Amino acid sequence: MIIAIPTLDGQVSHHFGKTRDFTLFTVEEGKVISTRQIQNLIHSHDLLGDLLKENGVELVLCGGMGQGAQNKLTAEGIAFIGGCEGPVEAVVQRYLDGQLQFAPLPSCGCGGHHEKGGHHDSCQGEMGGCQGGCHH
């Protein structure tokens, strides 16, 4: 299984669709056997889903994700868990330890941009808004 985490400075990035880097973890028998980085030079929800699929991704662990990206990943057969935060290695380990669960990832309806200059400025850290989904 390959797990992708949108990454910013080694941490889970809070905006899936705007993330430049993804850390991919290859997991076998419940253990990470390799890690690599891929870059998102596309910044298109439709094409980003294709990029992840082409890299064999089966699961995305993320902070927040808009409805368009959710729809694309679902169409590609890629599962996702939202509401994740912290160092990417710790997040993938929490998943492998059974501490993260699948749950609906609500969209905050913000369309990706908030008044304060960027996505998630006014909802980051709220468990119900943009991040929603699954928490540790």
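A residue counts as buried when its relative accessible area is under 20%, and as exposed when that area is over 50%. Keep that cut-off handy for the exercises below, and remember that this is a predicted model.

**Exercise 1.** Work out whether Phe 16 and Phe 22 are buried or exposed.

*Solution.* Start with Phe 16: its relative accessibility is 2%. That is under 20%, so Phe 16 is buried. Now take Phe 22, which comes in at 0%. The cut-off again applies, so Phe 22 is buried.

**Exercise 2.** Find how the rings of Phe 16 and Phe 22 are arranged.

*Solution.* Searching the whole structure turns up one aromatic pair. Its partners are Phe 16 and Phe 22, with ring centres 5.6 Å apart and planes at 75°. Centres within 6.5 Å make a pair, and planes over 60 degrees apart make it edge-to-face, so that is the label here.

**Exercise 3.** Place Asn 55 in the fold and say what it touches.

*Solution.* First, the overall layout: the protein has three helices and six strands, in the order β-β-β-β-α-β-α-β-α from the N terminus. Next, locate Asn 55: it sits in the loop between helix H1 (45-54) and strand E5 (57-61). Then check its accessibility: at 18%, Asn 55 is under 20% and therefore buried. Finally, list its contacts, skipping neighbours within four places in sequence: Ile 2, Leu 24, Arg 36 and Ile 38.

**Exercise 4.** Say what share of the protein's residues is buried.

*Solution.* Of the 136 residues in the protein, 47% are buried. Asn 55, Phe 16 and Phe 22 count as buried.

How values were computed:
Residues numbered from 1 in each chain as written. Predicted model: local features only at pLDDT ≥ 70, side-chain atom pairs only at ≥ 80, totals over all residues. Heavy atoms only, no water. Phe/Tyr/Trp six-rings, centres within 6.5 Å; stacked < 30°, edge-to-face > 60°. Buried < 20%, exposed > 50% of the residue type's maximum accessible area, 1.4 Å probe, protein only. Helix = DSSP H or I, 4+ residues; strand = E, 2+ residues; numbered from the N terminus. Contact = heavy atoms within 4.5 Å.
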